[in-house]
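These are my notebook entries on a structure I looked up. I record each point in the order in which I consulted it.

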Amino acid sequence: MSVPNSKVAVSVKKGSTVQKVPGVKPTKVAKKVKDDEERVDKGVGWDESHGKRPIKPVDQLELTEAELKEDITRILTANNPHAPQNIVRYSFKENSYKTVVVDQVAVHFVLEGSLIHQDSDEAKRMIAGEGLPGEAVTEETGAEPDEVTNKTPATDVEDEGEVEGVGEEDRPSSVASKTDKKRPNQINFSERATQTLNNPLREKSVQTEPPHRTNFSANANQWENYDAHEEELRKVEKNKEKQKDTVPERVILLESDNLSEVGKASKIFERMIHQNTFDDKAQNFKYFEDASDELKGQEGTLLPLWKFQYDKAKTLSVTALCWNNKFDDLFAVGMGSYDFRNQGGGMVLFYSFKNSSFPEYIYPTKSGVLCLDIHQQCSNLVAVGFHDGAVAVYNLNNEGVEPVHKSTAKTGKHTEPVWQVRWQKNDMDNNHNFYSVSSDGRVVSWTLVKNELLCTDIIRLSVNAAVSEGTEDAQLPMFTCGTAFDFHKQIDSLFLVGTEGGKIHKCSKTYSSHILETYNAHTMAVDAVKWNCFHPKVFISSSLDWTVKIWNHTVNTPLLTFDLNAAVGDVSWSPSSSTVFGAVTEDGKVHVFDLSINKYEPICQQSVVPKGTKLTHLEFNPINPTIAVGDDRGYVTSFKLSPNLRIKPKTKKGQELPEGPEVEVAKMEKLLSELQEM
């Protein structure tokens, strides 16, 4: 069947093939489409200058026809090659280990959008609801290649030129007219808003059942009360009988034991706990040596050890210190007050390094304690002087807190405070005796005879240095106050007495009618005067006039004078060196001197208490390199001397180090000779 030659406008989809219609010449549009397809089919290696044949690279692999036609199948899977395949876990449900399947799918990105396809039912409903125009089959809409729509009037195509004119001139105008209307894309975007649904509120209430109630009523009368009490008494008696039957034998034995054994065991247990608690201080006391002394030259330091304080003696001051010569860790502390306007009771306390938290012995007194001394051989005897003028002797072996001997007005006690007591050697009858000095100017000897305390006046001090043996010849205005005294270490009858006026008297027990010599030592009261532990001619004194002086008792003038810039509370010689002594001042400082190293400055000057606290007493330990320092707030602090404060003379290699009192006497003799040459 022939087709009449007429003008036909054809619209085709880009990229589709155009079939020839019999009797119709191809238009320019069809030719253009064909050329584009041919141009696309040409590969990169196509060279038109060499004819229509591909150009092969030089290094291309040559394959046979069979190899070229062979199909190689490759399957892409989502399995993760790195995922483990041997993981097992224990299943408690099946009581066995099960292999765990590892998930091979990994989601990298998920985005939930609101785009919908225009061919879907939802898109068609939206287009119908919004009144959008229907689809038009054009090049842009993606119509099928076989669909042909007539858009121009049906006119005959006379020649090829007219057809070309239609394709070139009429097509742009038709496309422009169609693009005037905004048409949705194939994937239509639609904005939609959603609102979450609020769940309705519901109320729920629960009511519990009321507790069961029971009514009870009874009559209370006299006989019912009596029966109830009798029944209660019977129950108590039965319980007591059961307890007696179940008491262990050990408890019955404890009731008959002496409680002193329990007290001894508890004291040992308390010491063990204390030593474990303060183990660092115990280690320092025994082993620590300050290595910094090597860098300080000749200076030394004091290492704090234990601090002793009794709660009931917080308001009292430390008025006396004395070490026990037999037990080097035990020392006695006298508690009283130097404020004479506010006097009260006192205490005698005994502390040990083994337990610093609580005293070993406690002796309360009615009057304040001002001095004490422990016997050299019988370390259980302690002589104490009080503020009311009485003296007493305590025996640590006896039970109770009362002294074994105490002076009274009938036995000749002092009328003023007792400032110093000192034990002396036994008399001809082997009776213990000690001496005391008081503000009433009397130096008295006290002898322990059985249950009595007998007194003998040795000397009475006067202002003009006149001395009378009896009380009937002396006049009260002529007496001066004795504040300190000390007996010679080698000559028992020789002793020194310090007075409130600042003078020091040298006296003898054999010449009680007069004073051997008087030294104008200080301008204020003498606090302490002590003989040197080694040299028989040297003694030291301290006073409230801020000075400490070294004396040779054969010379009336002092050998050395040290100004400490504060009132001196106490001074003491070291028992291990003839040239070392220490002093404490009211500004809270401890001064340690070594005359063989420096004759003018202390080798240690250290503050050991807070500001406002006054130091009152200092004592060197007779065996260990430690000192005890007391203050006006009731505290006693122990310190360890650094190596520079207890240095020994150097010797050559192979030479034995000389020891003994002769060496210390030689050191002091050398110092005295140097001072005399100056």
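Entry 1, an annotated span. I looked up residues 519-552 and found their end C-alpha atoms 11 Å apart. The span is 59% strand and 0% helix. The UniProt annotation over residues 519-552 reads "repeat: WD", and I note that it comes from an unreviewed entry. I also note that the model I am reading is a predicted one.

Entry 2, the whole protein. I recorded 9 helices and 34 strands for the secondary structure. The protein has 678 residues, of which 35% count as buried. Its accessible surface comes to about 45,500 Å², and carbon and sulfur atoms account for 52% of that. I then turned to contacts between residues at least 6 apart in sequence: 48% of these join residues at least 24 apart.

Entry 3, the nonpolar cores. Which residues touch the most other members of the largest nonpolar core? I found that Val548, Ile550, Phe562 and Phe581 do so, in a core of 19 residues. I next listed the elements that each supply at least two residues of this core: strands E25 (538-543), E26 (547-552), E27 (560-563), E28 (568-573) and E29 (580-585), together with helix H9 (661-677). Helix H9 gives the largest share, 4 residues. Apart from this core I noted another, of 18 residues, which includes Trp306, Leu321, Tyr351 and Val636. For background I add that nonpolar side chains tend to be buried together in soluble globular proteins.

Entry 4, Ser379. I located Ser379 in the loop that runs between strand E12 (369-374) and strand E13 (381-386). Is Ser379 buried or exposed? Its relative accessibility is 9%, so I entered Ser379 as buried, the cut-off being under 20%. Leaving aside residues up to four places away in sequence, I found Ser379 touching Asn324, Lys326, Phe327, Ile374 and Leu396.

Entry 5, Phe327. I followed one of those contacts of Ser379, Phe327, to the loop between strand E8 (317-323) and strand E9 (330-336). Phe327 has a relative accessibility of 42% and therefore counts as partly exposed. I also looked up the pair Phe327 and Ile623, whose C-alpha atoms are 9.6 Å apart in space. In sequence, Phe327 and Ile623 are 296 residues apart.

Terms used. Residues numbered from 1 in each chain as written. Predicted model: local features only at pLDDT ≥ 70, side-chain atom pairs only at ≥ 80, totals over all residues. Heavy atoms only, no water. Core = buried A, V, L, I, M, F, W, Y, C linked by side-chain atoms within 4.5 Å. Buried < 20%, exposed > 50% of the residue type's maximum accessible area, 1.4 Å probe, protein only. UniProt positions renumbered as here; feature names shortened; annotations may be inferred. Contact = heavy atoms within 4.5 Å. Areas by Shrake-Rupley, 256 points an atom, 1.4 Å probe, with all protein chains shown as cover.
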